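Hi,

I hope your week is going well. Here is the structure I promised to pass on, and my notes follow below it.

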Amino acid sequence: MLNCIDNSGAAIVECVAVMRKKTRHASIGDRIIVVVQKQRSFGPENAGGSSVGIANKVRRGDIRHAVVVRAKKEVQRKDGSLIRFDDNACVLINKNGDPIGTRLSSIVGSELRDKKWSKILSLAPMHV
Amino acid sequence: MSQPLASRLSTCCWRSFCAEMRPQRQFHRSMVTLQRGPVQKLDVPSDLPAQLLPQFPERYRPGRNRRDIVVHPSPRSEAETCKDPVGLVENRQLSVLDPTGARARLFDKANPDRAKVGDVLLTTFKSGEPVSGVIMVIKGSGPHTSVLLRNQLTTIGMEMSIKVHSPLVQSMEIAQRTPKRKRRARLYYLRKPEHDVGSVQKVVDQYLRQRAMLTGGKNARQGGTFRSRKGKK
């Protein structure tokens, strides 16, 4: 179970597979396949009807690709420093690797830069 | 047909005859060994012709002592020449990584003004990005010393372990000292939501403002990059 931090409409997703890895564990920057478990409620936006399209980009039960952007398990950087976040979070992407949402709500790990996810990095408010 | 049978019979008889003979022969032999006693070893005669010598094993040839075991002198112990090799290497590395010794003093146990757990530390990397947080743990010693900083960025808790003597670290400053001495050496309880200190961005901002006032606004920009990026969004 991961948090989804973009505005694609998913709030909590469940990881069902890690792509391009023999091991079963994903870390920051890994592409995973997820099932949307909980939708984000865009209460005021839905009422206004202005951004219904944004809110309905994904639905509960959808199978999507995603990129892990934060992990509770510490990651060692090349300079010997470790980084660890308090939660596991991901960003939904489509099959081509472009993010589905248009903005991210919180920080992402800068390991994404090494793994060529610069589109997600440019959406993020900050990266550490 | 009858001939092999006869031969078999004859071998049978021969075997039984032998079986009767055998115990006698064994008895005879044992008597001989009893009578002979220990074998007396003879020295190699000194006036042996030279062409017979190759028939002897090497240790029996003249000029070879039978008990000639070579005892080598033990090699010089490196542990005695250098009592503390690890300390030597560490000192050498520290002199390279931290020539002024300021960083080592900041985390020196003997220094009363050292950085302690619970302090808010502002670290700036060579690349210019600042990382701030409450010191949870000071780990290791010598050039391996590392600090674990905890902070909240956009309400997400983040911990970063930084090597104090890393050549990538530009500066380490204490933005705020802990008001009360912490009774733990490692403040892992800060991970629990009820003990979390939250974001230290305000403290760091205030410290940077004060420092800018004192130093004449030289480093006022430092540490503000996070907020500027947030503002862009």
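Which residue in β5(B) does Leu122(B) stand opposite? Its partner across the strands is Glu173(B). Please keep in mind that this is a predicted model.

That pair belongs to an antiparallel pairing in chain B: strand β1, residues 120-125, and strand β5, residues 169-176, are joined over 6 bridges. Strand β1(B) also pairs with strand β2 of chain B, residues 130-139, through 5 bridges, and these two run antiparallel as well. There, Val120(B) faces Val134(B) in β2(B). The hairpin of β1(B) and β2(B) has 4 residues between its strands, and Gly128(B) in this hairpin adopts a positive phi near 100°.

Now to where the chains meet. On the chain B side, 17 residues are in contact with 15 residues of chain A. Two elements of chain B, β4 (156-163) and α6 (225-232), each supply at least two residues of the side that touches chain A. The most comes from β4(B), with 8 residues. By character, the chain B residues on this side split into 7 nonpolar, 5 polar and 5 charged.

Strand β4(B) also takes part in strand pairing between the chains: strand β6 of chain A, residues 82-85, runs antiparallel to β4(B), and 4 bridges join the two. If you would like a place to start looking, try Ile83(A), which stands opposite Met160(B) in β4(B).

Do write back once you have had a look.

Best wishes

Key
Residues numbered from 1 in each chain as written. Chains lettered and ligands numbered in written order. Predicted model: local features only at pLDDT ≥ 70, side-chain atom pairs only at ≥ 80, totals over all residues. Pairing = 2+ DSSP bridges. Contact = placed C-beta atoms within 7 Å. Nonpolar A, V, L, I, M, F, W, Y, C, P; charged D, E, K, R; others polar.
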